[in-house]
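Student: Could you take me through one part of this structure slowly, and then show me how other parts of the chain are arranged around the same kinds of features? I would like to begin with a single residue in a loop.

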Amino acid sequence: MATEQMKMPQLGESVTEGTISKWLVSPGDHVNKYDPIAEVMTDKVNAEVPSSFTGTITKLSAEEGDTLQVGEVFCEIEVEGSSQQSAEEEAAPEQSEAPEADQTKEDQSQKKRYSPAVLRLADEHSIDLAAVQGTGAGGRITRKDLLQLIESGGMQEKAAPVNAQAIKPEPVQSSKPKAATMPGDVELPVTPIRQAIAANMLRSKHEIPHAWTMMEVDVTNLVTRRNQLKDQFKAKEGFNLTFFAFFVKAVAQGLKEFPEMNSMWAGDKIVQKKAINVSIAVATDDALFVPVIKDADEKTIKGIAKEIHELASKVRQGTLKQSDMEGGTFTVNNTGSFGSVQSMGIINYPQAAILQVESIVKRPVIVNGMIAARDMVNLCLSLDHRVLDGLVCGRFLQRIKQILEGIDEQTSVY
């Protein structure tokens, strides 16, 4: 018999850590290979982690709510196999420690990316994160870094001013609100999913210089065409032909013609993505998920409507997979479904822009010198000003406007 170690897998692009939201096994349980053993949450996806072995669970190395780095051991399984193989696997990390340490000194690009666990520990122990040397990828500060600092008692020295008599330390600003509660107030616990959303939004606002622009579009003909087709389409296809499908199709076409919009910031370079994979925001009562329509530029309006329907159903049924969340290059958010007419979206890191499609409303508009009631919609674009400028964004929105306003009775959804 041999003991094998299960390590935290990488659940998505650029994911460096995961939080154990729920254990599905206990020590002593027998599991087969590929049986789910834990639910793990990252800032991109909430997924079940399958066992890599068949055997008996001997140890759970983390508690529910603990955040672990990718590659960190989180449970041990007793299996039948070669003890020599296990020894080789255990020795492998030791061989890579020195090169990784050297790399950390050179690359500090991820130092200011903090996980919820790191922010929580820093807040609880009044640690100045700017003074901490991270050992994670790109100089990122890990939970282990803070625990070692706390155990060694060195955190006060790192956070202390050079001249304590001459400089009066300012009170530490907590990352968690300290509001006093009053009779009748209800305190709600922050769920792991909400913590991940908060961390991702905070990272986006801290690292990305957001800019914002808006364009008004006359979609009267689009509304007419969709209303002509919706009943027949639903009877034939079995799902709804939504306005949102028309907007996503127009955006995908615009991204193909303006590839600068389909880019990501990568520190010393800008990566222009070849695939046009449109992320769409789907909300539940307590969480927000961003599944992806892959190769949206190659799909018809009907194909996009079908994917929107299927992805939204997966989110609400809790069956969304890791693969459904990966590869997004540009996000379109249907804020109009809540009645919003103007909003400023937070960019879905590490993408370069997010487009908010607002509510379609009847407004008086001057057409050919006369006032007419038209169906109007606002398209609100948030952009990463490191990657994009107003000129290309303005032309991109103009092209989307042209596509949407060009829809007529001859427009096919197939």
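Tutor: The residue to begin with is Asp 295, which is placed in the loop between β15 (292-293) and α8 (301-317). Please keep in mind throughout that this is a predicted model. Although Asp 295 is not a glycine, its phi is positive, at about 50 degrees. Is Asp 295 buried, exposed or partly exposed? Its relative accessibility is 31%, and because the class between buried and exposed runs from 20% to 50%, Asp 295 counts as partly exposed.

Asn 368 can be set beside it, since Asn 368 is not a glycine either and has a positive phi of about 55 degrees. Asn 368 lies in the loop between β18 and β19, and with a relative accessible area of 76% it is exposed. The two strands around Asn 368 form a hairpin with two residues between them. Strand β18, residues 361-367, pairs with strand β19, residues 370-384, in the antiparallel sense, and seven bridges make up this pairing. One bridge joins Ile 366 to its partner Ile 371 in β19.

Another loop holds a feature of the peptide bond itself: Tyr 349 and Pro 350 are joined by a cis peptide bond, with an omega of about 5 degrees. Pro 350 belongs to the loop between β16 and β17 (353-357).

From loops and a hairpin we can pass to a sheet. Strands of a sheet pair through backbone hydrogen bonds, and the pairing may be parallel or antiparallel. Here, four strands form an open sheet with antiparallel pairing, and their order is β1-β8-β6-β3. The edges are taken by β1 (2-7) and β3 (30-31), and because each of these has a single partner strand, one side of each is left without a neighbour in the sheet. Within this order, strand β6, residues 55-60, and β8 pair in the antiparallel sense over four bridges, and Leu 60 stands opposite Cys 75 in β8.

Strand β8 also brings us to the aromatic rings. A pair of aromatic rings is described by how far apart the centres are and by the angle between the planes. The structure holds four aromatic pairs. In one of them, the ring centres of Trp 23 and Phe 74 are 5.7 Å apart and the planes stand at 40 degrees, so this pair is tilted. Trp 23 is in strand β2 (residues 17-23) and Phe 74 in strand β8 (residues 73-79), and the pair links distant parts of the chain, 51 residues apart. Trp 23 and Phe 74 are both buried.

Phe 330 and Phe 396 also have ring centres 5.7 Å apart, but their planes are at 65 degrees, so this pair is edge-to-face. Since Phe 330 lies in strand β16 (residues 330-333) and Phe 396 in helix α10 (residues 390-405), the pair ties together parts that are 66 residues apart in sequence. Phe 330 is buried, and Phe 396 is buried as well.

Elsewhere, one aromatic cluster is formed by Phe 233, Phe 239 and Tyr 414. The ring of Tyr 414 has a further contact, for the charged end of Lys 236 sits over this ring, 4.7 Å from its centre. In a similar way, the charged end of Arg 226 sits over the ring of Phe 243, at 4.4 Å from the ring centre.

Methods
Residues are numbered from 1 along each chain as its sequence is written. This is a predicted model: local features need pLDDT of at least 70, side-chain atom pairs count only at pLDDT 80 or more; totals for chains, interfaces and linings use all residues. Side-chain values use heavy atoms; hydrogens and water are left out. Two strands pair if DSSP finds at least two bridges between them. Rings of Phe, Tyr and Trp (its six-membered ring) pair if their centres lie within 6.5 Å; planes under 30 degrees apart count as stacked, over 60 as edge-to-face and the rest as tilted. Buried means under 20% relative accessible area, exposed over 50%, partly exposed in between (1.4 Å probe, protein chains only). A charge sits over a ring if NZ of Lys or CZ of Arg is within 6 Å of the ring centre and within 35 degrees of the ring normal.
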